[in-house]
Amino acid sequence: MQNGDQHYSMEDETYTDIDGKAISLECQSHSGFCREFTVSSAKVSIGRVMAYTCAVWLSAYIIFFVTENTAVLSSAIIITLVGMMVHIHFVKVDHETLLIIGSLGVQVSSSYASGRESTDFIEMGKIKDIVINEAIHMVRKIKDIVINEAIHMQTVIYYLCILLKDPSDPEAVSSVVPLFQSSKPRLNCLVKVYKSCQEILAKC
Amino acid sequence: MVLKIFFPQCCNKADSGLLVGRWIPGQNSAVVLAVIHYPFIPGQVKQYIQQSGVDLTVLGSWSMPKEGQEGMESFLRDLSTIFPQGQWLQLSREMGKIGFRYGKLIQQEKELKEDVEGEEGGGEKDKVIFIHYEQRKVMLSQLHPVDNGVPDPQTESQLPQVFGTVCQSEPLFFLDKYDDGPVKMTHWQSEGREGSIIVELMKQASTPVCLLTTWILTLWTSLCSSRILNVRPMRFISSKLSTCLQLSYRTEHLQTVCSPTRATAHNHFMRKANIFVSFFVDVSLGLLLVSWMYRENRIGKLANTLVPAADHVAKELEELLQWLMGAPAGLKMNRALDQVLGRFFLYHIHLWISYIHLMSPFIEMILWYVGLSACLGLTFALSLLSDITALLTFHIYCFYVYGARLYCMTVYGLSSLWRLFRGKKWNVLRQRVDSCSYDLDQLFIGTLLFTILLFLLPTTALYYLVFTLLRLVVVMFQGVLHLSVDFINSFPLFAMGLRLFRSYRLAEGVKFRVLCEEPGTPLHLMMDINPLKVSSVVQTYRTPTYSCYPKDSWLALCKKLFLGELIYPWRHKTTKID
């Protein structure tokens with residue numbers, strides 16, 4: 001390594017998110033008390049893009065065939081383009097980063113597919129602790145054909161979150177900031193990040 | 001705790017010298033503001049620091065040795081004896097290398113203890129972070145949420161203190177390298193003070209212009225509050241016309257902007273700037289509209305189409321009433337009541353048309369002069385349009401009131417007689433329904449009246465429905481106009497422009513980036529400014545207006561419509577006074 005950082009790449013363990021899609025975790029240790037964790041989700045798949053585009057344009061052609069109005073075609077093109085731009089700029093998250101700097105604070109940033117980054121920095125004085133919480137996640141899809149009725153299946157998921165101190169009462173927790181909301185990694189990935197963060201929080 | 005040193009980027013290449021800045025209490029951080037170069041006389045430096053009016057101390061020494069300047073180490077160490085401090089920072093950088101080396105001297109009771117890197121098993125080296133910041137951006141930016149009170153220095157978090165330190169040190173940055181002072185410093189303005197000719201000229205020109213405008217405005221307000229214009233009917237009319245409302249509102253705004261005192265607080269400055277920019281845009285759009293309308297005599301054409309349009313509306317209403325007087329949509333109406341109501345409304349329409357025809361020769365002239373007032377702004381043009389619509393559809397409003405009152409009376413009568421039918425009564429004292437024993441003749445007459453009203457209900461209900469729908473259409477149109485006026489009034493254009501073109505001025509927080517460093521040097525971070533989100537900009541800097549908002553929720557509105565109460569869906573708030 002040319003610089004003093006240490007990278008850990010995940011070739012031996014593959015991580016998945018709660019839906020089963022593959023994600024990757026990268027840990028970077030810049031110094032004894034500064035670490036950066038990046039969770040990358042799957043990129044935009046070209047198959048799905050083509051499927052959506054074809055569906056929209058096919059329906060537009062059918063409507064044009066029925067109504068003979070060319071505005072339908074141009075509006076379909078515009079809708080497709082605008083929809084794609086909105087999706088990659090506002091919806092699709094490429095990777096999420098957690099940068100923890102001992103005695104300074106924690107920085108949480110999401111990077112979207114178009115390159116836009118949205119960052120939030122929380123000072124160490126406001127942080128009470130970083131914990132793994134449980135939540136009940138509603139899954140509305142019916143995955144099993146055997147069950148005929150529509151059931152809302154609930155699963156318990158784990159998420160990493162930062163507990164913030166209440167300014168008036170140092171022992172109480174005022175609010176919770178959940179991390180890695182879009183990538184939703186599973187418990188094994190979270191435990192790794194959690195252990196690293198706790199080491200740094202304990203030092204400073 | 002880890003020691004954090006905030007180092008300005010402009011001093012990365014500065015020559016060797018003394019570091020001046022401020023220690024932040026309780027956070028183990030130091031903010032470096034400038035570097036004072038050699039040669040200097042320590043006494044003059046101490047005097048300068050005391051007289052500068054800024055909370056400064058000497059933090060330590062900075063050395064970037066060039067060729068032929070070895071042997072500075074002992075000289076720098078001796079400096080710490082001249083400037084007695086609790087902690088003395090020794091920062092050094094070698095040419096060609098990116099990272100800094102750090103050493104710390106702790107002075108305790110004349111005994112010098114050295115804690116240089118490498119002696120504590122590498123532990124010392126790891127316990128310091130260098131945070132690079134761009135001094136110009138931090139100086140000019142404002143951290144949100146803006147604190148108006150006096151913060152408690154003990155519990156305040158670190159970032160506002162850092163920003164506050166840099167902002168308060170503005171007098172320090174007035175000295176640049178071309179001044180012949182006792183000390184030579186490096187900071188963000190040391191290459192020459194930043195300034196703009198246009199801004200300076202505008203500052204000079206603003207004072208007489210402000211005084212003139214304030215004088216004109218005081219004349220105008222005294223005229224408006226004179227006795228003649230404050231007679232009861234004039235007050236009532238002017239409170240109903242939205243143009244007068246907008247006029248008074250703009251006068252208030254102009255008074256805020258043109259006050260000769262300078263705005264010191266950030267909020268006040270932003271408010272003034274927003275009002276000024278929105279007023280400027282409003283007036284220019286209004287002038288554009290006026291120039292477009294008065295070209296090719298468009299206003300004459302508009303006036304010529306106004307009377308035929310009113311005629312057309314009246315004709316449509318007459319046809320509607322004829323339809324209602326027949327068998328509308330196959331429903332069977334009560335013939336007598338139908339004819340009475342229909343003829344009553346037809347007569348009103350006839351009166352209205354006669355008045356419009358009486359006014360028609362003057363309409364063009366009135367419209368021509370009134371249209372000139374659109375020069376005052378686009379908002380005035382829109383308010384005028386709303387007022388003209390209200391005046392031209394006054395007969396629809398009258399019909400709505402007649403229909404609603406009739407329907408309301410029918411419904412109340414029906415509900416009261418329904419109670420009588422069941423042997424109950426409304427107790428006004430207790431605000432509840434009580435049982436009551438009626439006499440036989442009371443019951444007889446009550447039942448008779450109940451039956452009459454019940455069978456007349458469809459006719460009155462139909463008239464009420466038709467005129468309420470017409471009224472709602474007019475109200476929706478006026479509402480759209482008022483909403484757009486409100487939007488133009490309250491949207492913070494200056495703050496939005498600042499957010500788009502100088503996004504570092506409005507800061508929500510900071511973001512850090514790790515700079516790649518060489519092994520053996522402490523951690524270096526770059527602190528950038530995280531700009532405020534666009535939605536927060538609009539929310540924070542919105543000018544409070546007499547905004548038009550729906551008074552009732554949808555449910556309450558439907559209930560009122562059902563009962564026949566008169567609805568005034570838009571209600572003006574009075575302007576908030578800060």
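A salt bridge is a side-chain nitrogen of Lys or Arg within 4 Å of a carboxyl oxygen of Asp or Glu. In this predicted model, the side chains of B:Arg432 and B:Asp434 meet in such a bridge, at 3.0 Å from N to O. B:Arg432 has a relative accessible area of 40%, so this residue is partly exposed. Over all chains, the whole structure holds eight salt bridges.

Two further bridges of chain B were examined. One joins B:Glu508 to B:Lys533, with the closest N and O atoms 3.9 Å apart. This pair links distant parts of the chain. B:Glu508 sits in strand S13 of chain B, while B:Lys533 lies in the loop between S14 and helix H16 (534-541) of chain B. The two residues are 25 residues apart. B:Glu508 is partly exposed because its relative accessibility is 31%. B:Lys533 also counts as partly exposed, at 49% relative accessibility; the limit for exposed is over 50%. The other bridge pairs B:Glu134 with B:Lys137. Here the closest N and O atoms are 4.0 Å apart. B:Glu134 is partly exposed at 31% relative accessibility. B:Lys137 is partly exposed too, with a relative accessible area of 29%.

The interface between the two chains was considered next. The size of an interface is often given as the accessible area lost when the parts come together. Between chain B and chain A, the buried area is about 1600 Å². Carbon and sulfur atoms give 63% of this area. Three residues supply 28% of the area that chain B buries against chain A: B:Phe512, B:Val514 and B:Leu523. No other three residues supply more. The contact draws 21 residues from chain B and 19 residues from chain A.

Salt bridges are absent from this interface, where the count between chain B and chain A is zero. Polar contacts do occur: three residue pairs are in polar contact across the two chains, with both residues at pLDDT 80 or more. On the chain B side, four elements give two or more residues each. They are strand S8 (128-133), helix H5 (158-168), strand S13 (506-514) and strand S14 (523-531) of chain B. S13(B) gives the most, with four residues. By class, the side of chain B that touches chain A has 13 nonpolar, three polar and five charged residues.

Chain A has 204 residues. Its secondary structure comes to three helices and 10 strands. Along the sequence, the elements of chain A follow the pattern β-β-β-β-α-α-β-β-β-β-β-β-α. Of the residues of chain A, 34% count as buried. The accessible surface of chain A comes to about 12400 Å². Carbon and sulfur atoms account for 59% of that surface. Contacts in chain A were also sorted by separation along the sequence. Among those with a separation of 6 or more, 50% join residues 24 or more positions apart.

Backbone angles pick out two residues of chain A. Most residues other than glycine have a negative phi. A:Phe180 has a positive phi, near 55°. A:Lys184 also has a positive phi, about 45°, although it is not a glycine. A:Phe180 lies in the loop between strand S10 (173-178) and helix H3 (187-203) of chain A. The place of A:Lys184 is likewise the loop between S10 and H3 of chain A. Their exposure is another matter. A:Phe180 is at 6% relative accessibility and therefore counts as buried. A:Lys184 has a relative accessible area of 33%, so A:Lys184 is partly exposed.

Two buried residues of chain B complete the account. B:Ser141 is found in the loop between helix H4 (135-140) and strand S9 (142-143) of chain B. At 4% relative accessibility, B:Ser141 counts as buried. Neighbours within four places in sequence are left aside here. Beyond them, B:Ser141 is in contact with B:Phe163, B:Cys167, B:Tyr504, B:Arg505, B:Ala507 and B:Ile529. B:Leu557 belongs to helix H17 (residues 554-563) of chain B. Its relative accessible area is 15%, so B:Leu557 is buried. The C-alpha atoms of B:Leu557 and B:Ala381 are separated by 30 Å. Along the chain, B:Leu557 and B:Ala381 are 176 residues apart.

Conventions
Residues are numbered from 1 along each chain as its sequence is written. Chains are lettered from A and ligands numbered from 1 in the order in which they are written. This is a predicted model: local features need pLDDT of at least 70, side-chain atom pairs count only at pLDDT 80 or more; totals for chains, interfaces and linings use all residues. Side-chain values use heavy atoms; hydrogens and water are left out. Contact means heavy atoms within 4.5 Å. Buried area is the accessible area (1.4 Å probe) that two parts lose on being put together, summed over both. A polar contact is a pair of N or O atoms within 3.5 Å; within protein, one must be able to donate a hydrogen and the other to accept it, and residues adjacent in sequence count only if both atoms are side-chain atoms. Ala, Val, Leu, Ile, Met, Phe, Trp, Tyr, Cys and Pro count as nonpolar, Asp, Glu, Lys and Arg as charged, and the others, Gly among them, as polar. Buried means under 20% relative accessible area, exposed over 50%, partly exposed in between (1.4 Å probe, protein chains only). Accessible areas come from the Shrake-Rupley method with a 1.4 Å probe; for residues, only the protein chains shown count as cover.
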